[in-house]
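Me: Please take a close look at one residue of this protein and at the part of the fold around it. I should like one connected account, with each term explained where it first appears.

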Amino acid sequence: MPEILVLYYSRGGSVARLARQIARGIGEVDGASARLRSVPPVAAVTRAVAPPVPGEGAPYVEPRDLVECTALAIGSPTRFGNMAAPMKHFFDGLGSEWTSGTLVGKPAAVFTSTATMHGGQEATLLSMMIPLLHHGCVLVGIPYTEPALSSTRGGGTPYGASHVAGNDDDPQPSEDESRLARALGRRLAAIALKLSA
Ligand SMILES: Cc1cc2nc3c(=O)[nH]c(=O)nc-3n(C[C@H](O)[C@H](O)[C@H](O)COP(=O)(O)O)c2cc1C
């Protein structure tokens, strides 16, 4: 069965919850299934080798996850209008995948979470699209035929799924944010199945 990689970094749990909604949407498409993976945090000085499996959240991503997936969704919290360093660090390590064309032609989607409504969600989503374009991915967004895109009072954008966590950093996506994350997962899976048919 074609597997779709849902890869994220999350410190407070907001992006992790969006990842699970996207995975649910993927699972709603007959013949598709989701593989949840995360990227490890990075530190300026590494004194110890981190355990290969995180204490919580999805297992850390391995090179074979990129080879085996038929599509991928990439999620990161917003850091000053950009993706977080661990996700950028992950992308910066994909030189051999780039030269061998591992991701060429694979559909890809992006998702994020911010504290504030206008704190740079779209900039972050676009920042994650740039390396995906270099890798030859076919980008998938959310069309306005999804009614929640017009009714949401929080996150959810045509560029990808998102959540506004607010000043208290509430990680729970709203009904509209969840609906749009699932819709993105379904769309990604449906397009992946068509392209791989
Ligand atoms: C260093 C730093 C920079 C941040 N930059 C922004 C920002 O530019 N805009 C914003 O709205 N939120 C910003 N935030 C808040 C996070 O994006 C927000 O809390 C997000 O929901 C966290 O996702 P997570 O729970 O998956 O870790 C920042 C947080 C940190 C720690």
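Reply: Serine 76 lies in strand S3; helices (H or I, at least four residues) and strands (E, at least two) are DSSP runs, numbered from the N terminus. The model is a predicted one, in which local features need pLDDT of at least 70 and side-chain atom pairs count only at pLDDT 80 or more, while totals for chains, interfaces and linings use all residues. Residues are numbered from 1 along each chain as its sequence is written, and side-chain values use heavy atoms, with hydrogens and water left out.

Because its relative accessibility is 0%, serine 76 counts as buried. Here buried means under 20% relative accessible area, exposed over 50%, and partly exposed in between (1.4 Å probe, protein chains only). Neighbours within four places in sequence left aside, serine 76 is in contact with Tyr9, Val15, Met83, Ala84, Met87, Phe111, Thr112, Ser113, Thr124 and Met128, where contact means heavy atoms within 4.5 Å.

One of these partners, Met87, leads to helix H3. In that helix, which covers residues 85–92, the buried residues are Pro86, Met87, Phe90 and Phe91. Seen down the axis of H3, these buried residues fall within an arc of 140 degrees, so they line one face of the helix; the arc is that of the directions from the helix axis to the C-beta atoms. In general, an α-helix has 3.6 residues a turn, so residues three or four places apart point the same way. The exposed residues His89 and Asp92 are carried on the face of H3 turned away from its buried side. The cover over the buried residues of H3 includes strand S3 (71–79), together with strand S1 (3–8), helix H2 (63–68), strand S4 (82–83) and helix H5 (121–134).

Threonine 99 offers a contrast to serine 76. Threonine 99 is placed in helix H4 (residues 95–100), and because its relative accessibility is 63%, it counts as exposed.

The surroundings may now be set in the whole protein. Its secondary structure comes to seven helices and seven strands, in the order β-α-β-α-β-β-α-α-β-α-β-α-β-α along the sequence. Of the 197 residues in the protein, 50% are buried. Among contacts between residues at least 6 apart in sequence, 76% join residues at least 24 apart. Along its principal axes, the C-alpha trace spans about 45 × 45 × 30 Å.
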